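I opened my notebook to go through this chain piece by piece. Here is the structure I had on screen.

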Amino acid sequence: MEKVVLIQGKPMALILIDLSAAFDLVNHKILLSRLESCGFVFLLTFLLVGVFRKLNIPFSTNKTDDVLLHPEVHLVCILTPPPHTRQIAVKALGIGKNVISEQAATLTDACKMVTAARYYPQLMSIMGNSLRFLPAFVQMKRLLGEGYCGNLQVCEARVYGGSLLSQSYGWAWEELMGGGGLHTVGSCIIDLLSHLTGRRAVRVHGMLRTFVCQSGPAGGIRSVTADDYACFQLLMSGGVVCSVTLNFNLPGTDVHEIMLVGSSGRLVARGTELYGQRASMQVEELLLSDGGEAVGPSVRGLNGMVTQLRLSFQAQEDRRSWVRHPVSMAASFEDGLYVQTVVDAIKRSNRTGEWESVEVKIQDVDPNHNHRTLPN
């Protein structure tokens with residue numbers, strides 16, 4: 001049963017979180033503490049009964065609509081399983097709430113979210129990819145624009161880590177429910193590469209594999225259909241080539257590296273640090289240190305994102321109002337639709353073994369277009 005938790009007083013944000021989800025890009029306690037430190041008062045929805053008591057939140061209900069319709073809620077942050085994302089986002093916008101959302105489960109859902117966002121252009125409707133706000137990537141984008149690398153030629157991304165699966169069956173096991181490394185992590189990387197380069201993919205080629213087909217005894221007869229390995233290439237406008245490898249079969253220290261290579265130099269973001277090397281240099285230079293903070297890229301980026309959200313809402317007489325400039329680097333629902341289109345094109349390429357075109361459209365979308373046949 002869902003749990004909806006209300007902090008009484010001056011609530012600002014409704015956070016919809018599935019704490020039973022197997023995969024978290026950002027630790028939820030860190031998210032809540034960061035929002036609170038920036039002056040946001042929040043309402044929470046949980047799928048774990050009793051968690052609200054640990055957070056000292058005095059009121060709870062089992063009806064999400066009671067909170068969505070609350071007159072003091074002006075910002076809705078959606079961190080639920082992907083199949084629930086579209087319904088909540090569209091409903092919240094229709095009620096007149098600002099929305100920050102994760103990636104939808106399907107292209108059809110993403111199209112409906114874009115339609116709602118276009119219908120209410122005065123409301124905030126942005127995607128929750130915090131990597132855009134990571135200081136290393138902010139500086140990387142600036143240096144790229146200043147010509148540090150010369151003419152951009154190649155982008156490479158590597159993300160390695162442990163399994164995304166839980167011991168018990170859940171949405172993270174199912175590809176069609178938005179599970180798998182391509183959807184949960186690859187979508188963030190696809191969006192980031194587009195943001196950094198200012199270009200979009202026109203053709204893609206990819207390969208997906210599911211090496212762990214069962215996760216613990218609790219799965220019973222169910223098998224995992226979500227990918228835990230993905231390797232794909234993006235041919236961007238202007239001839240820039242991007243290569244991405246995602247591998248979630250490597251326990252231990254996570255690897256998160258983005259490299260941009262140009263005609264006269266390269267920029268590399270390793271974790272939260274930024275390095276660079278011009279063609280005339282013998283060794284690379286450290287351009288931005290992480291300051292000794294032992295946090296990952298998503299958490300560090302979240303700090304920047306929440307800070308910019310505060311700036312967007314502060315000094316507004318009407319708490320429903322916001323200004324665009326502080327969050328101008330955030331991904332829009334339109335960007336989310338582009339990312340979902342690329343994800344689905346990669347899935348088609350995995351089936352056909354061919355390069356697939358990327359055509360972003362909001363109408364005439366086949367709801368069954370993303371079905372994937374597992375290779376032998």
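My entries on strands, rings and empty spaces follow.

**Ground rules.** I am working from a predicted model, where local features need pLDDT of at least 70, side-chain atom pairs count only at pLDDT 80 or more, and totals for chains, interfaces and linings use all residues. Residues are numbered from 1 along each chain as its sequence is written, and side-chain values use heavy atoms, with hydrogens and water left out.

**Strand S6.** I started with S6, residues 98-101 (helices, H or I with at least four residues, and strands, E with at least two, are DSSP runs numbered from the N terminus). Which way do the side chains of S6 point? I found Asn98 and Ile100 on one side and Val99 and Ser101 on the other, all of them buried (under 20% relative accessible area; exposed is over 50%, partly exposed in between, with a 1.4 Å probe and protein chains only). In a regular strand, side chains alternate between the two faces of the sheet.

**Neighbours of S6.** Next I looked up pairing, which takes at least two DSSP bridges between two strands. S5 (residues 75-79) runs parallel to S6 over four bridges, and Val76 stands opposite Val99. S5, helix H4 (residues 82-95) and S6 make a right-handed β-α-β unit (with the strands pointing away from the viewer, the path from the first strand over the helix to the second runs clockwise). S7 (residues 125-127) is also a parallel partner of S6, over three bridges, with Ser101 opposite Met127. From S6 the chain crosses through helix H5 (residues 107-119) to S7, in another right-handed β-α-β crossover.

**The nine-strand sheet.** I then followed an open sheet of nine strands with mixed pairing, in the order S15-S14-S13-S12-S8-S11-S10-S9-S16. S15 (285-288) and S16 (356-357) stand at the edges with a single partner strand each, so each has one side without a neighbour in the sheet. Within the sheet I checked S8 (residues 152-160) and S11 (residues 241-247), which pair in the parallel sense over seven bridges. Val154 stands opposite Val241 there.

**Rings.** How many aromatic pairs are there? I get three, taking rings of Phe, Tyr and Trp (its six-membered ring) with centres within 6.5 Å; planes under 30 degrees apart are stacked, over 60 edge-to-face and the rest tilted. One of them is Tyr169 with Trp173, edge-to-face at 5.5 Å centre to centre and 75 degrees between the planes. Tyr169 is partly exposed at 29% relative accessibility, while Trp173 is buried at 0%. Phe211 and Tyr229 are edge-to-face as well, at 6.1 Å and 70 degrees. This pair links distant parts of the chain, 18 residues apart: Phe211 is in the loop between S9 (201-209) and S10 (229-236), and Tyr229 is in S10. Phe211 is exposed at 56%, whereas Tyr229 is buried at 19%.

**Pocket.** Last, I looked at the second largest pocket (on a 1 Å grid over the protein atoms alone, an open set of points with protein on both sides within 12 Å along at least five of seven lines; lining residues have an atom within 4 Å of a point). Its volume is about 250 Å³ (the space filled by probe spheres set on the points, which are joined across faces, edges and corners). I noted 17 lining residues, with Ser125, Ile126, Trp322, Arg324 and Ser332 nearest the centre. H5, S7 and helix H9 (333-352) each give two or more residues to this lining. Which element gives the most? H5 does, with three residues.

Technical notes:
On a 1 Å grid over the protein atoms alone, a cavity is a set of points where a 1.4 Å probe fits but cannot get out, and a pocket is an open set with protein on both sides within 12 Å along at least five of seven lines; lining residues have an atom within 4 Å of a point.
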